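Here is a set of questions to work through with the sequence and the structure side by side. Try each one yourself before reading on.

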Amino acid sequence: MSDVAVRYPIPGLVRSLDVTAKSLLVLLLALALAYPELGHMQDKAAGLRAVSYPMLAFTVPAIWYLYWRDRASFPWLADLLVTITCFTDTLGNRMDLYDTVVWFDDWMHFMNTGLLAAAVILLTLPRTSSFAATLERALAFGVTAAVAWELAEYFAFISKSAERHSAYTDTLGDLALGSLGAVLAAIVIHASWRRGHLRTVAPQLEARAAAR
């Protein structure tokens, strides 16, 4: 049986935040690429960020357009969560928070891994999923993403800096914080589902359930 299209009203605030974050992200990356010293991205792989962050920020729209647009509403909340991870890292560098606020790097690993894990859960699991399944999906993605980020950081700029001598301890801490962020994402989303919230953020899954 074919999928039943499910359409929900467009969330005005979430859409506005998403579009604004994407626009500012592109602007900040362009400025950082043109003037890396002003964006505090010297020796921090400004070019790599300028390429990879827009790709990541526009992944959900691309997938939706290619595979979901005929049978699903656009997943604005999940897309916003992905965009925030790229935007906050770029903004944090622009404001030099990584070098001036001791705990900022730790917070970013915790928060952004959690946000990405939350987006993956919303995009790939129906709200009827058990907590075990939700936690499994969050950790599977979150830990993998945290490891991938640490590898990218190391080869992009840490391996060439004085930080490489203390990178082991920092990496273990970042991996632990990313994992905790993913766990928190699973807890929050599953609790929200149980309370009847987040009912319109992944309509493609509702469509499949309705078609059965």
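Q: With which residue does Lys22 form a salt bridge whose closest N and O atoms are 2.8 Å apart?
A: In this predicted model, a salt bridge requires a side-chain nitrogen of Lys or Arg within 4 Å of a carboxyl oxygen of Asp or Glu. The pair in question links distant parts of the chain, since Lys22 lies in helix 1 and its partner in helix 4, 57 residues apart. At a distance of 2.8 Å between the closest N and O atoms, the partner of Lys22 is Asp79.

Q: Is Lys22 buried or exposed?
A: A residue counts as buried when its relative accessible area is under 20%, and as exposed when that area is over 50%. Because the relative accessibility of Lys22 is 10%, Lys22 counts as buried.

Q: Which residues are joined into one network by salt bridges that share partners?
A: Asp18 forms a salt bridge with Lys22, the closest N and O atoms being 3.3 Å apart, and these two residues are separated by about one helical turn because they are four residues apart in helix 1. Lys22 also forms a salt bridge with Asp79, which is buried with a relative accessible area of 1%. The salt bridges share partners, and the network they make joins Asp18, Lys22 and Asp79.

Q: Which helix gives the most residues to the largest nonpolar core?
A: The largest nonpolar core has 31 residues, and Leu81, Ile121, Leu122, Ala138, Ile189 and Trp193 have the most contacts inside it. Helices 3, 4, 6 and 8 each give two or more residues to this core. With eleven residues, the helix that gives the most is helix 6.

Key
Residues numbered from 1 in each chain as written. Predicted model: local features only at pLDDT ≥ 70, side-chain atom pairs only at ≥ 80, totals over all residues. Heavy atoms only, no water. Core = buried A, V, L, I, M, F, W, Y, C linked by side-chain atoms within 4.5 Å. Buried < 20%, exposed > 50% of the residue type's maximum accessible area, 1.4 Å probe, protein only.
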